[in-house]
Amino acid sequence: MKDLFEKRIKNMGPLGMYKDIAEGFFIFPKLTGQVGNRMHFNGREVITWSVNNYLGLANHPEVRKADADAAKKYGSAYPMGARMMSGQTELHEKLEQQLADFVEKEAAYLLNFGYQGVISIIDALVDKDDVIVYDVDSHACIVDGVRLHPGKRFAFRHNNPESLEINLQRATKVSKQTGGGILVISEGVFGMRGTQGIIKEIVALKEKFNFRFFVDDAHGFGVLGKNGMGTGSEQRVQNNIDLYFSTFAKAMAATGAFVAGDKNIIDYLRYNMRSQIFAKSLQMVLVEGAMKRLELLSKDDDLRNRLWVNVHSLQNGLKKHGFDIGTTASCITPVFLSGSLVEVVLLTKELREEYGIFCSMVIYPVVPKDMVLLRLIPTAVHSQQDIDMTIQAFVDVRAKLNAGGYKKSLSHLLQRLQAVNSPR
């Protein structure tokens, strides 16, 4: 019989296997300073493209004041206890109604965290007789929620209506046998490639199939659609989304999340989501802070306009110089690279150390095994100078990549390591 811990330590997993060479630089890096377009990494200033602060609210003066005032008034503890037991307040209810009104739903329910919330929503909604149909590129929180489902589940090819319909036919056949229902899950915006989900096409299939539709719109809320209502509004089908979810961690630059829909299903979730029933209520400092963020997000179009000016400038500039940014239809800007993993590692290292450009390198298991990309997240507080410097840096490192410069760098590195490790 194997020791459980020993078995795990010997196989650290697809990311943990890089622990000794990547920790502190590519994995668990430490960005310091005020959250913004420029921060500090390893003792130097870098242009930061890896922070989910779309509208620049993290250090907006009104937001900072609201956070500070709430902390002074309530501290960081109140309310104590879970919502169901002793953590309910009028301000929680007020924020929920504001969120519901903003996304044009009847009711909303506050959640402590996005990841935890999505898993718990799926867990509460389906039982062994029900069937889940979901986009194969869905975020890990959706995948993990689906993995916990004791019944049947089918994944359709990313944003592929034909694949979706085939799997809905399968799901319908199963549900007729079990007497269960069907839950379809997609994202409003897919966080790595930046593509919008085929929300409109999925909604259209409701005329042919009987299912409920759950959308995780973490990257669409606040930046797409009318006043930032989200991807459902952008595609003009918001009313046909049965459950609409978003986290506060992207456009609102905060902690927390919410789910919205008809009052009867939201009431069901309030009484059955284990992650909320058995967890401490969202602290008042986060509730009041979220209210101020929502106020600015819904009324200040200038923030959203500045964001989209920067998005278009960055994406158009990259495309003009021949970079492959896929089919992104959102703020998320992926740059797909053709080099080997090791070459891209060295390229990313040079971007950070020589050019002061901090963006995220995305590899398996976050994306498929045959894909390597650099992900940039433009915000309303980036400057045109930030964009111009970044594009020029990308042009420089791509030229070196195409010329085999990073293969040479790797060869020199291996030679130095052999010299250091060779017996004397």
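Student: In this predicted model, what makes β11, β14 and β13 a sheet, and in which order do the strands lie?

Tutor: Two strands pair if at least two bridges are found between them. β13 and β14 (residues 373-376) are joined by 3 bridges in the antiparallel sense, so this pair meets the criterion of at least two. One such partnership sets V362 against L373 in β14. The 3 strands form an open sheet in the order β11-β14-β13, with antiparallel pairing.

Student: Why are β11 and β13 called edge strands?

Tutor: β11 (333-336) and β13 (360-362) each have a single partner strand, so one side of each lacks a neighbour in the sheet. From one strand to the next, the twist averages 30°.

Student: What is the strand order of the sheet of 7 strands, and which strands stand at its edges?

Tutor: The order is β4-β10-β9-β8-β7-β5-β6; this sheet is open and its pairing is mixed. β4 and β6 (152-156) stand at the edges, because each has a single partner strand and one side is left without a neighbour. Neighbouring strands are turned by 20° against each other on average, direction ignored.

Student: How do you know that β8 pairs with β9, and what packs on this sheet?

Tutor: Strand β8 (residues 212-216) and strand β9 (residues 243-247) run parallel and are joined by 3 bridges, so the requirement of at least two is met. Within this pair, F214 stands opposite L243 in β9. Helix α7 (residues 114-125) packs on the sheet, touching β4, β5 (131-135), β7 (182-187), β8, β9 and β10, and its direction makes about 160° with that of β9. Helix α6 lies across β4 and β10 (257-261), at about 125° to β4.

Student: How do you know that the length of helix α14 agrees with its number of residues?

Tutor: At 1.5 Å a residue, the 16 residues of α14 (residues 284-299) should span 22 Å; the end C-alpha atoms are 23 Å apart, which agrees.

Student: Why are residues of α14 such as M284 called buried, and against what do the buried residues pack?

Tutor: Buried means under 20% relative accessible area, and the residues of α14 in this class include M284, V285, V287, G289, L296 and L297. The buried residues of α14 pack against α4 (61-74), α6 (90-102), β4 (107-111) and α15 (301-320).

Student: What makes the protein as compact as a globular protein of its length?

Tutor: The secondary structure comes to 18 helices and 14 strands. The radius of gyration is 23 Å, close to the 22 Å that the globule rule gives for 424 residues, so the protein is as compact as a globular protein of that length. Buried residues make up 51% of the 424 residues.

Conventions: Residues numbered from 1 in each chain as written. Predicted model: local features only at pLDDT ≥ 70, side-chain atom pairs only at ≥ 80, totals over all residues. Heavy atoms only, no water. Helix = DSSP H or I, 4+ residues; strand = E, 2+ residues; numbered from the N terminus. Axes fitted to C-alpha atoms, helices over the stretch in contact; angles between N-to-C directions. Expected span 1.5 Å × (residues − 1). Buried < 20%, exposed > 50% of the residue type's maximum accessible area, 1.4 Å probe, protein only. Contact = heavy atoms within 4.5 Å. Rg over C-alpha atoms; globule rule 2.2 N^0.38 Å.
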